[in-house]
Structure formats: structure tokens, C-alpha cells
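User: Hi! I have a structure here that I'd like to go through with you. Could you help me find my way around?

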Amino acid sequence: MNSASHTISKNNSPETESVYNKNSSLLHILNGEEEFILNQNGFIIGSNLEAVNVTGYEEYEIVSKHISIFYLPDECEKARADLEKACRLGSTVVTGLRVKKRGVNFWAKMKIKFIDSSEPDAPSFKVILQDATHRALSKERIRTLKDEYLAIFNNPFVGTSKFKMDGYNIQMCNQKTLEIFGKQNSYDLRLDLIFASLEQFELFTTSLVKEKKIEGFKFQVQDGKSQENWAVISARYFESQGFAEGVLFDITDQHGQMMELQRVNSELDSFIYHASHDLRSPLTSIMGLVNLGLKETSVNTVHNYLGMVKGRIDHLDVLLKDLMSVSYNNGTDKEYSFFNFEAEVNSIMNLLKNPDQSVDVTVEVSQKSDFKTDPVRMRTILRNLLSNAFKYFNPEASVPYIHLTIRVSNSHCAILLKDNGIGIHQSFKNKVYEMFFRATDRSAGSGLGLYIVKSMVEKLKGRISFESTLNVGTTFLLTIPNQVSQSVLLKINDNTNYFMLTSKQIELVENSWDYILLNSAETGSIFYNKLFSLDPGLRQLFKGDINTQSQKLVSMITFAVHKLSSFDEIIGDVKALGAHHKKNLVQPEHYEKVAIALLWTLEKALGKEWNDEVKDAWTAVYIALSKLMIEATE
């Protein structure tokens, strides 16, 4: 650049160069920029202060002063270094805090140009000084607003999204929105495909276009899951720009609670009616039998009446026990403890087996892992199902049988109960779980057995289904979650990416990691000890010395952390690392265990410096990095 300028000045006439300099100076005046001419030692020999005044000086006050007069007191050497840089490169631009006449600091932009001349007294530098305070403040304000917007947009509690009204493509959304919609990422995501009902969607868009905003619109989410999910959206339509912004709330729990309340109210009405009837009926019978007994003189007849009274009392006892089970399930919180299926089933079988019944009973329990559940509810479920199987066996079958199979895993238990009893007619299939429903005249129970089973299974977050054919048999299948805690801190398929990280998050990660580097020399080894305690099988993936591997880990994290502000520069390196991991047999599921070990290690190393904000920042960074590594292997 300097040589080009030199060539031009040599080819131009002095008159042409003079006109150019005057025009340039005029532009500086119009732009409100101070212009200074310096000699070769950096002392001011001329200025345009008669026309422009940024620093507050008059021209006579700064002529013969060194240019460092505008620098902070401790930056005199920097002023000389800036001049040397301009001399070496031909020109340079520097920004930073400068000082006005009365010691007022301001943010300045200085353009320093070296003037190559063979004449000893000719000017050597031209300095253009501009007050960039407002621009710097505006830039900082914009950055702050952007960070604040991203912090609001990326909040973990409320879904936020921006979508086009032409085609309804979602242009951007936060992670909470994806969770509500049941999606992994926002690629090709359209709002109209999220609504389970087209009629609901058309009502939403029509109202939004007409009113330009809509609040609290409730709709069912189409997410491909068997469970119904519901959300509420409030949105504003920016018609001139053709898009809308909306906030989403997941109201699945609230909707479920409302539906549960309606169900409970309906059941309460049914309960009051049937319970009063079923309680009064045996009491009325007992009163009648007692009256008859009082009039009898025959002991045998009185004994017969007493037997009938006992039967009615037994029926009443069963009803009261079932009502107590209903009350327990509705009003008692779940209390989890370890459950041994084999011991519990054996205990129930001993109570239910009738020596006079010829029923082939087989029980197969496979429980190779601990299982936690509410023991009272689980015991009631098994007892009621088995009681029905014995109660409604088919005496006309060649070999009446009851087969119970239970499989237990780390995540759930599966219970399969199959019999060849009298079965249930197809027309009653949708009613068997109702309160006080009896599917056969043989029923001597309360009509609450299967209602209790289903309500308790649902209380335990399980599922129940059955198939039955009249006079052929019935099969029940139940699946109930295992409440043994599974430590999963995050999902690797989270949609977080580095573009959505705020400068605050990056700062938290950088500062906390620098703190660890200064205060903890054993971070790498602590991490690997924790990782191998979580999964000892991972040790075989690391062939070399673990101390050397620990040093490599710390170096790798340091490199990545200090590149977060320019993340695109390391995308290739991160993907290459992911490919290297795959060659070493690292699987996608291993990344989750690494996350658990890393966050645990950071918490231990940071101590009081560890908090939710730091944890969220590290989690977001880890998800971004691990996603790139996993994608590189797909």
C-alpha cells in the first residue's frame, strides 16, 4: 500500500497532489475528524483545529507537543509503537481510550499514515483522529441487546419461535420449543404440521392474521407419541415483514390434571351412587335374615340364616376392602422400595390357592436386577389379577390353567398373565375397567377389582392391556417402570449449537476453566477416575498411560475453550477428533457418560465457584462439541 501511494505521488504533479490533500482535509472537516501533521519524531507541526474540535485543544496549545498527549499517561510507549508501525507498514489504524484536554477519556479511532519524503523538514506522519465513543457505545449496546435477546430466546422454561406466515416454516426456535413439539431439530419444521387438528390450525392462523396477535391459544401437539401432548401459544404477526413470533407453554400436565379432575368428578358421582347401593343392599339382606331368624324355632333353619348372614358380611367385607384400596390409591403418595417378585407372588399364591380347584398353575419369574416400586400398589395389582384368574376359571376346560410370567429389567417389568377361564364378551371389553362393573353373573365381587388394577398401574406410570374371548380365556399384559434411579444428566441429541451461545456463557466457561488451570493440577486424572467408575469397560479404550492421556485431555479442552468466540475455526478439528474416537471404538452412548464425568469433575474442581449458571454454560458447550463429533461418525 505504501509503495503504491509513493508511486502515485511521484507520477502526480505537485498541483494535483495539493488539490487531493485539500479535498481530503475538507472531507475530514465535514466528518468531524481532527487532522494532525507530525514530524519524524511524532511532534505535532500542524492541525485543522480551527475548523474541528474533538479534543478541546486550540491549535497553539498542541503545536510542538508529542502525539502521545492524546494517549493515557501510562501509554506513551504505545504512541511511539503506533508511529513505528505506521512507518513500517505505510499506515495503520488503532482504536482505544484517548484523553481530551481536561483529562476526559473517550473512545477514539486513529488513522496514522506515514509520509515518505527525502526532505529533512518535511512532515512524516498524518494522523486522523475521530471520536468513536458513540459508535462504540452503540456497538456495545447492540451486543448487549443481542445477548439479552438470546438469553430470553434460549430460556429453558418457555418455548420461543419465529415462523413465516407464507408456508409456516419455522425459521428459528429454542430448545424448549423442540421439546414441546417432540422434535430433535428444526430442519424443515413447519407450524402447520405441529397441530394435531387442521381445524385448530386454521382457527389459529385466521385469528392471528385478523387480529395481528393472539393470546393463550390451546391446541393438541402432533408429535407422533401415543400420549396426548397439549400446548398454549401466544403470537404476534409482523405483517409488513411477513413473519410472526410466538411463545409456547407445555400444558400437558395441566391438561392431564384437568381431565383427571373431570374423570374423578364423574367417578365420584358413580362411586356415591353405587357404594351407597352396594353397602345398603347387604345390610338390608342381613336385617331381613335376622328378622326371619328371630321368628324361627328350628335351630337348623336359624343356622341356615346365619350362614346367609355370613355370606352377606363376607361380601360387605370384600366391598369395604376394595373401597379402602380405591381410597388408598387416590389419597396416598407413592413410596418406593425394592420389590422381590418371586417372594411376593409365592405369598399371594398361598393365600389364593384352593385345594378343591383343579387348576394347573405355572409361575416364571426372571428378576436379574433390582426393581423399585410402590410395594402396596404392586402387591394389590398382582393379588387382584390372580384372584380374578382363580375366581373365573372354567371348570369345563379339559385342563384349566393359569400361567404367570414376569420379566424384570433395569428400565421396567413386564407381567403376562394368561388363563383359559370363562373369558369376557367382546361387548364388555371397553367397560371392564369401570367402577362397579361386573361382566358375568358368576361375579360375587364388588365390581372394583379391575378398576383398582388399572388405576394403580396408571399411578405407577405403567400400561395395561388385555385380550379375551368368551369361553376361551383371557391374557393380561402389564408394563411398569423401574424406579431405580437412572443417572442421565442430558441428551446428546439436544439441538443446542454454538451459534446460540451467548457471550456471557462463553465468558463463564473461559473464566471457570482458567480458574481450574491455576488451582487444580489433577483435573485430568480426576475426570478419568470418575469416568471409569461410571463404566469400567471404557478403560480398555485407552491403551496408553493414563497420566499422558490426562495431559492431552486438559490441552484439548484448553484449546477448545479459548476458541469458543471463533468456533468456526475449530469445527474441522472437532469433527476430526470425532472420527478418531470412532476408530478407537467410541460409541455415541459413551458421550453421555463423558458428560456426567466432566460436569462432576468441574463441580469438584470449582467448589464454591460452581453454580447453575456455570453448569448450564458448560452443558451447552459440551452438547455443541459432542454433536459435531457424533455427526462426523454418521
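User: Leaving aside neighbours within four places in sequence, which residues is asparagine 174 in contact with?

Analyst: Happy to help! This is a predicted model. In it, asparagine 174 contacts Phe153, Asn154, Asn155, Val158, Gly159 and Thr160, once neighbours within four places in sequence are set aside. Its side chain also reaches the backbone oxygen of valine 158, at 3.0 Å.

User: And where is asparagine 174 found?

Analyst: In the loop between strand S7 (170-173) and helix H6 (175-181).

User: Is asparagine 174 buried or exposed?

Analyst: Asparagine 174 counts as buried, because its relative accessibility is 2% and the cut-off for buried is under 20%.

User: Switching to cysteines: how many disulfides does a search of the whole structure find?

Analyst: Zero. As for individual cysteines, cysteine 76 is partly exposed at 29% relative accessibility, and cysteine 87 is partly exposed at 37%.

User: Now the largest nonpolar core. Which residues touch the most other members?

Analyst: Those are Phe341, Met378, Ile381, Ile415 and Phe476, in a core of 38 residues. Several elements supply at least two residues each, including helix H10 (341-352), strand S15 (412-419) and strand S17 (473-481). Helix H11 gives the most, with seven residues.

User: What does isoleucine 381 touch, not counting residues up to four places away in sequence?

Analyst: Isoleucine 381 touches Val453, Met456, Val457, Leu460, Leu478 and Ile480. Apart from this core lies another one, of 36 residues, with Ile506, Leu531, Ile557 and Ala597 among them.

Methods
Residues are numbered from 1 along each chain as its sequence is written. This is a predicted model: local features need pLDDT of at least 70, side-chain atom pairs count only at pLDDT 80 or more; totals for chains, interfaces and linings use all residues. Side-chain values use heavy atoms; hydrogens and water are left out. Helices (H or I, at least four residues) and strands (E, at least two) are DSSP runs, numbered from the N terminus. Buried means under 20% relative accessible area, exposed over 50%, partly exposed in between (1.4 Å probe, protein chains only). A polar contact is a pair of N or O atoms within 3.5 Å; within protein, one must be able to donate a hydrogen and the other to accept it, and residues adjacent in sequence count only if both atoms are side-chain atoms. Contact means heavy atoms within 4.5 Å. A disulfide is a pair of cysteine sulfur atoms within 2.5 Å. A nonpolar core is a set of buried Ala, Val, Leu, Ile, Met, Phe, Trp, Tyr and Cys residues joined through side-chain atoms within 4.5 Å.
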